[in-house]
Amino acid sequence: MASETEYLGFGNLPNQVHRNYVKKGFEFTLMVVGESGLGKSTLINCIFNTGLKTGRQIPSVNEHLESTLKIETNTADIEERGVKLKLTVVDTPGFGDSLDSVDDCKPIIDYIDDQYEKYLNDESGLNRRQIADSRIHCCFYFISPVNYGLKPLDVMTMKTLHNKVNIVPIIAKSDSLTKEEVQALKKRIVTELKTHGIQIYSIPDCDPDEDQDYKEQVRQLKAAIPFAVSSSLETHEVKGRKVRGRAYGWGIV
Ligand code: GDP
């Protein structure tokens with residue numbers, strides 16, 4: 001009798017589709033938007049454990065005077081437990097750096113639209129098997145921990161982007177806030193997003209027949225939005241274990 005994986009029928013379709021995808025690998029394009037110095041490069045390198053992004057040059061005073069926004073892409077092939085991922089990080093250096101940042105959204109939107117158009121053209125063409133998907137699948141929007149909520153630039157940018165990409169708002173450098181401050185800032189951001197009608201990525205509801213642990217995990221994730229992050233590229237030894245962390249005079253976060 002054929003084993004479960006050899007069985008050729010629609011019952012085995014999920015395995016076959018899964019195998020094909022795992023063999024081919026996945027493409028994922030992540031855009032990061034936020035002011036310089038909020039820890040975007042550090043977080044990306046931390047999450048994907050790569051040296052994908054390097055910290056950027058601090059702009060000079062002259063550069064601050066005019067808009068210097070650029071779109072930069074970096075790609076890395078990552079493999080975890082046999083699953084391949086072609087990760088592209090689209091960075092927007094210079095965002096919010098100039099004195100007048102109102103035009104900073106334009107190149108970002110143009111880039112997103114160009115990728116949709118490119119994909120549509122490729123899909124309408126003859127060579128549909130080899131399409132490289134450069135559409136932006138997700139956008140991490142970094143919010144400064146030192147402001148009391150969203151800045152006008154944050155509101156304007158997210159309002160421009162929310163119909164085009166999945167926005168995941170992130171409170172940067174949350175280790176600079178106390179637990180209460182983090183909760184207060186999250187509450188305020190959620191209220192402001194609602195007030196301005198900004199739609200952010202919402203984690204899908206789970207099926208009613210999912211197990212309790214998974215349901216609880218999803219509930220906690222939903223309640224945690226906007227995510228507050230703290231990241232570091234250094235590793236420290238804590239209780240015999242190597243952990244990523246930030247070493248301060250009073251301890252390690
Ligand atoms: P980017 O310009 O947004 O890409 O910022 P970088 O990742 O280059 O980080 C700017 C500075 O902030 C560096 O000195 C980092 O070590 C520091 N940094 C990055 N992440 C954190 C964090 O979570 N908390 C704190 N306190 N500092 C951070």
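Helices, in the sense used here, are DSSP runs of at least four residues, numbered from the N terminus. One of them, helix H2, spans residues 40-48 and supplies three residues to the shell around the ligand, the largest share. The structure described here is a predicted model, and the ligand site is a good place to start.

In this model, 16 residues surround the ligand, and those that come nearest are Gly37, Ser41, Thr42, Asp175 and Ser231. Sorted by class, the shell holds eight polar residues, six charged residues and two nonpolar ones.

Several polar atoms of the protein face oxygen atoms of the ligand. In the side chain of Ser41, an N or O atom is 2.5 Å from an oxygen atom of the ligand. For Thr42, a side-chain N or O atom is likewise 2.5 Å from a ligand oxygen atom. Leu38 takes part through its backbone, where an N or O atom lies 3.2 Å from an oxygen atom of the ligand. As for cover, the ligand taken alone exposes 580 Å², of which the protein buries 76%.

Turning to the strands, E1 covers residues 26-33 and pairs with E3, residues 83-91, in the parallel sense over seven bridges. E1 also runs parallel to strand E4, residues 138-143, and four bridges join these two. Met31 of E1 offers a handy point from which to view both pairings. Its bridge partner in E3 is Val90, while in E4 Met31 stands opposite Cys139.

Note on methods:
Residues are numbered from 1 along each chain as its sequence is written. This is a predicted model: local features need pLDDT of at least 70, side-chain atom pairs count only at pLDDT 80 or more; totals for chains, interfaces and linings use all residues. Side-chain values use heavy atoms; hydrogens and water are left out. A residue is near a molecule or strand if one of its heavy atoms lies within 4 Å of it. A polar contact is a pair of N or O atoms within 3.5 Å; within protein, one must be able to donate a hydrogen and the other to accept it, and residues adjacent in sequence count only if both atoms are side-chain atoms. Accessible areas come from the Shrake-Rupley method with a 1.4 Å probe; for residues, only the protein chains shown count as cover. Ala, Val, Leu, Ile, Met, Phe, Trp, Tyr, Cys and Pro count as nonpolar, Asp, Glu, Lys and Arg as charged, and the others, Gly among them, as polar. Two strands pair if DSSP finds at least two bridges between them.
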